[in-house]
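Dear colleague,

I am handing over the structure below, and I would suggest having it open while you read the notes that follow it. Please keep in mind that this is a predicted model.

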Amino acid sequence: MTNTPDDQSALMRRFGPAALITGASDGIGRGFAVQLAEQGFDLILVARRGDVLQDIALDLGTRFGVNVRTLAMDLSDPAAVPELLSLTEGTSVGFVVAAAGFGSIGPFLDQDMASEINMVDLNCRSVVELSYGFANRMKAERRGGIVLFGSLVGFNGAPFAATYAATKGFVQSFAEGIAAEMRPHGVSVLSVAPGPVGTGFAARAGMQMGKAATPDMVARSALAALGRRTTVRPGFLAKFLGWSMAMLPRWGRVRVMGVIMKGMIGKDKSRNPGRDANAPATSG
Ligand SMILES: NC(=O)c1ccc[n+]([C@@H]2O[C@H](COP(=O)([O-])OP(=O)(O)OC[C@H]3O[C@@H](n4cnc5c(N)ncnc54)[C@H](OP(=O)(O)O)[C@@H]3O)[C@@H](O)[C@H]2O)c1
């Protein structure tokens, strides 16, 4: 059984009135912003590029009549999540989507170490802090929903994306753990574990991707699964590879993943944006 378009307002009743989305300036986070605005959620949109967030806020506010607030911040900065929690104190956020994240590809020893550590800070540390802050508030309200992002590459080691896959394995395990703890408190936690999704993610990571799911499809699958499952694998490729690899021993899965990731190393590999010199300062 899934949440159908007809009972989408049930989602709003269950998790509304406000949703906070990180990584909302692009890709999957932006896809969630559109779908949640469509359902009437007021939004708090978080990412580094405040100007992009403001354009999205204007668009969604005009189209759907919802209130949209933007917070431009670099979530890899250890000061960011505490500031975000303080800026949202007193707002009834019943829904959190933690989509901010980035990846890298290529041999581990060729990676820029500062960027790899920055990835761990963003993909793991900020997700734990954000979940802790909002899950506590949701527990007090006895309701809420938290959507975190694993990945198809997060179920075992992945040569040529070793750090990225490990960050996604961390989130997968973390989501499963807190999902079980939070369920009795009326709070649903979901790990979304897609295969390739057609966003700017691949170009930023220096990857080349073939067939990809769309951000809208990922958001739709996640909204349908929230409260019903702990993990959703949106897209045919994520399901197919997940099921077929489940037959293999773990070392076999690592080997297959290594072949896949090696084939995804872009010819014109541009470095990821983890340390973006132009990242804007935090603003309300
Ligand atoms: N695309 C895929 O193929 C794929 C597959 C599996 C899992 N995922 C996961 O899905 C999530 C979303 O990916 P996506 O494809 O939507 O990526 P994307 O298109 O590159 O978008 C990433 C978002 O995160 C924000 N962001 C990046 N660094 C940030 C920072 N330091 N502080 C705050 N915001 C930051 C970016 O905005 P600013 O640049 O404005 O900060 C952007 O809004 C990620 O966790 C990713 O690991 C993606």
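A good place to begin is with strand β1, which covers residues 18–22 and pairs with β4 in the parallel sense over five bridges. If you look for one of these pairings, you will find that A19 has F95 as its bridge partner in β4.

On β4 there is a second pairing to follow, since this strand and strand β5 (residues 144–149) also run in the parallel sense, joined over three bridges, and here V96 is matched with I146 of β5 as its bridge partner. To get from β4 to β5 the chain passes through helix α5, residues 113–141, and the β-α-β crossover made in this way is right-handed.

Is β4 itself, then, largely enclosed or not? Six of the six residues in this strand, which spans residues 93–98, are buried, with buried taken as under 20% relative accessible area, and therefore β4 is largely enclosed by the rest of the structure.

The other part to look at is the ligand, which is surrounded by 31 residues, the closest being I28, R48, D74, Y164 and T199. A polar backbone atom of I28 lies 2.7 Å from an oxygen atom of the ligand, while a nitrogen atom of the ligand is 2.7 Å from a polar side-chain atom of D74. For L75, a polar backbone atom is found 2.9 Å from a ligand nitrogen atom. Taken alone, the ligand would expose 880 Å², of which the protein buries 97%.

With best wishes

How values were computed. Residues numbered from 1 in each chain as written. Predicted model: local features only at pLDDT ≥ 70, side-chain atom pairs only at ≥ 80, totals over all residues. Heavy atoms only, no water. Buried < 20%, exposed > 50% of the residue type's maximum accessible area, 1.4 Å probe, protein only. Helix = DSSP H or I, 4+ residues; strand = E, 2+ residues; numbered from the N terminus. Pairing = 2+ DSSP bridges. Right-handed = clockwise from strand over helix to strand, strands pointing away. Near = heavy atom within 4 Å. Polar contact = N/O pair within 3.5 Å; in protein donor to acceptor, adjacent residues only side chain to side chain. Areas by Shrake-Rupley, 256 points an atom, 1.4 Å probe, with all protein chains shown as cover.
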